[in-house]
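Biologist: I am new to this structure and would like to be led through it in questions and answers. Could we go slowly, one topic at a time?

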Amino acid sequence: MTDHEHKSHKDTEPGTDATRVDAPQAAATGAAGAAIPEQGTAPDLTGSGTAPGEPELDQRPPSSFLEVRDLRVHFPTQDGLVKSVDGLTFSLEKGKTLGIVGESGSGKSVTSLGIMGLHTVGQYGRQRPQLSGEIWLDGQELLSADAETVRKLRGREISMIFQDPLSALHPFFTVGHQIVEAYRVHHDVDKKTARRRAIELLDRVGIPEPGKRVDSYPHEFSGGMRQRAMIAMSLVNNPELLIADEPTTALDVTVQAQILDLIRDLQQEFGSAVIIITHDLGVVAELSDDILVMYGGRCVEYGTAEQVFYEPQHPYTWGLLGSMPRIDRDRADRLIPVKGSPPSLINVPSGCAFNPRCPYADVPGDDVTRTVRPELREVKDGHLAACHMAQEDRERIWNEEIAPKL
Amino acid sequence: MTKPVKSPGSEPTADSAAAPGQGETLLKVSGLKKHFPIHKGLFKRQVGAVQAVDGIDFEVRAGETLGVVGESGCGKSTMGRLITRLLEPTAGSIEFEGRDITHLGVSGMRPLRRDVQMIFQDPYSSLNPRHTVGAIVSAPFKLQGVQPEGGVKKEVQRLLGVVGLSPEHYNRYPHEFSGGQRQRIGIARALALSPKLVVADEPVSALDVSIQAQVVNLLDDLQEELGLTYVIIAHDLSVIRHVSDRIAVMYLGKIVELTDRQSLYNTPMHPYTKALMSAVPVPDPRRKAADSRERILLQGDVPSPMNPPSGCRFHTRCWKATEVCKTKEPPLIPLATGHNVACHHPENAPDQEPGDTELLSEAATAKR
């Protein structure tokens, strides 16, 4: 269903890229000067990630509801350029759920903030992140749109559930106040109607006595209730796209089950597209239709949940599956961890970013894993993987060495 | 992969001659309680107490791993701090190797600290940022006045090797390490004096999945090699199942089920255990559809430990609760060999209160 037409994309032109990237700021500051540093970094952007043969980006609006094309988010820091997201492409239809999995520092959250357009808000000067690529939402390009347009979409069309509800909710205002505010920003209604709407939603997300709890402060709620309140807040405008960034990481299993159920129910009810970001493969398996595995700021594997769990193609995905103790299988004597630790995003290993940790780095030979960055290639219909190993090798290793041990 | 390399001849320094043999009771806890008083008003009058741990009994046998699992706020961390005597118990007794250590003072505990060590949850806040790794790992030697063979530095470097760090890390500071590596430093520190009992409070929950597996394997290897006894506290049931020999399930300051791994996961008896296990997300998309029907969804949150429900503490969320659950507290008794459960209406076992069959009104609605 998702068209990952890496092949049809055409090469990024540095000049146009830079101006597009800078459009929101240029509009905001009214100065073309802001575009100059971008010009300087633009060649770097093209040189950094895409392989020589990478085709040019398609300028036509895509057919799918959300389409992210070659998204790059780089943060200039004193130590160097942090390439948090480095060429990410995916698409999502309405009513579908995409799960993004990866370790901390693999660029999952940066991607979601990029889609929300939160990287460019209130940050100026040298520390401002450099964004490039395209984000199409319902036929509208978000990265080149001006800040005001994005602000109108944010909260209404796209909304987000954050990981830690205690720090995402304002401690000084009641929960009701915050939900009402989110509603009234986008709808011209009086306070009474908005309050009714807030109570209705608190009720919908399963908060007992919503009429009373609407006047409670976040600290009076327990962790699970706070997360529900936040879900209510993000749903108040019936968003078309809901991004949940580690929505259950801070919660207990029993509450986690409640929240996951809630997200699933709400999605069926509202038919929105959901992106769920997590490091817990269990959560992803519960919710997602498609799964995107990220490593070092790039997508290393993409496919349906079925494909990724039953025919994973990338050694990193194997590593993730082997690292997890599983409650549904016989207890294994030992886990099979991925050796080493996640790479620094300032100094991403050359070639395949996973090569220092990959037990099969020498299988393809010629040192190709250390010198050439593997492209995301289609393995089977809709199933993509970025690995140098030949298809037969991967299938053999998975079937003979990995799968029996899981 | 992280198999620790131990050079031959570098045996642990502290003598382990007096250690109880495999399977004997190392630590015995009975009637342990910890209430944190709540003060209010001008005169700080005590108005109540958070009953974090409210009467638990268990024992830890030498060489085994006891897993303690429960939701947040069930008192599992308080329990860990009580048995390492970082907190003063309100009531009950703790015996370590047959010796009562319930109310030992700081100096009385000092020699025991060699034998009981703790690994903390958060590797960021449990290491002093201004100390080098060398200073952190050698602190136990300094405090206990132990002079290891070949000098402290050599011993520390050996320990770093054991936990899979490189000896050159001796002069670095904690901020130079990743989360997993920091946790290894914490483990090295806990192992420095070759303790008999290691209490690990959520040792892997702050780590990434791939790193989590490394640390779990490391703990496994160290146990095998050094004959350690672990009490591992965690909220993740899959991790607990992987590491533990016996498991205690806690709910609101009480142990509700205590048994070995096999019978807990195959035939859970307490409804809470069952609900907890059905709530674990299974990393298998094919089971998604079938599973959601079997799932027992508990309503609401854990009640406040300031004012726990009467009778069985789980009755407010239990789908099998009857009148007796409201009034009578179920004792923790063996319903099968080695399988202790505190429930009036257990699963997979004969009903303890067969006369009482009428469900409470909340229970009837809770059932899905």
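Biologist: How far apart do the C-alpha centres of domain 1 of chain A and domain 2 of chain A lie?

Modeller: This is a predicted model, in which local features need pLDDT of at least 70, side-chain atom pairs count only at pLDDT 80 or more, and totals for chains, interfaces and linings use all residues. Residues are numbered from 1 along each chain as its sequence is written, while chains are lettered from A and ligands numbered from 1 in the order in which they are written. Chain A is divided into domain 1 (66–157 + 239–405) and domain 2 (168–238), with bounds that come from an automatic or database domain assignment. Between the C-alpha centres of these two domains of chain A the distance is 31 Å.

Biologist: Which element gives the largest share of the side of domain 1 of chain A that touches domain 2 of chain A?

Modeller: Residues are in contact if their C-beta atoms, placed from the backbone, lie within 7 Å, and on that basis 13 residues from domain 1 of chain A and 13 residues from domain 2 of chain A take part. Helices (H or I, at least four residues) and strands (E, at least two) are DSSP runs, numbered from the N terminus. The largest share of the domain 1 side, 6 residues, comes from helix 10 of chain A.

Biologist: And how many residues on that side of domain 1 of chain A are nonpolar?

Modeller: Ala, Val, Leu, Ile, Met, Phe, Trp, Tyr, Cys and Pro count as nonpolar, Asp, Glu, Lys and Arg as charged, and the others, Gly among them, as polar. The side of domain 1 of chain A that touches domain 2 of chain A has 2 polar residues and 1 charged, and its nonpolar residues number 10.

Biologist: Turning to chain B, which helix of chain A gives the most to the side that touches chain B?

Modeller: The contact between the chains takes 39 residues from chain A and 36 residues from chain B. Among the elements of chain A that give two or more residues to this side are helix 9 (223–235), helix 10 (253–270) and helix 11 (281–287). The most, 8 residues, is given by helix 10 of chain A.

Biologist: Why do the buried residues of helix 7 of chain A lie on the same side of the helix?

Modeller: A residue is buried if 20 or more other C-beta atoms lie within 10 Å of its own, and in helix 7 of chain A this holds for A:Arg195, A:Ala198, A:Ile199, A:Leu201 and A:Leu202. They are on the same side because, judged by the directions from the helix axis to the C-beta atoms, they cover an arc of only 165°.

Biologist: What covers these buried residues of helix 7 of chain A?

Modeller: Helix 7 of chain A comprises residues 191–204, and A:Gly206, whose phi is positive, near 90°, follows it. The cover over its buried residues includes helix 6 (175–186), helix 8 (210–213) and helix 9 of chain A.

Biologist: Which strands of chain A stand at the edges of the sheet?

Modeller: In chain A, 4 strands form an open, antiparallel sheet in the order 2-1-4-5, where strands pair if DSSP finds at least two bridges between them. Strand 1 (residues 66–77) of chain A is joined to strand 2 of chain A by 10 bridges, and A:His74 stands opposite A:Lys83 in strand 2. Each edge strand has a single partner strand, so one side of it is left without a neighbour in the sheet, and these edge strands of chain A are strand 2 (80–92) and strand 5 (140–141).

Terms used:
Contact = placed C-beta atoms within 7 Å. Expected span 1.5 Å × (residues − 1). Buried ≥ 20, exposed ≤ 12 C-beta atoms within 10 Å, placed from the backbone.
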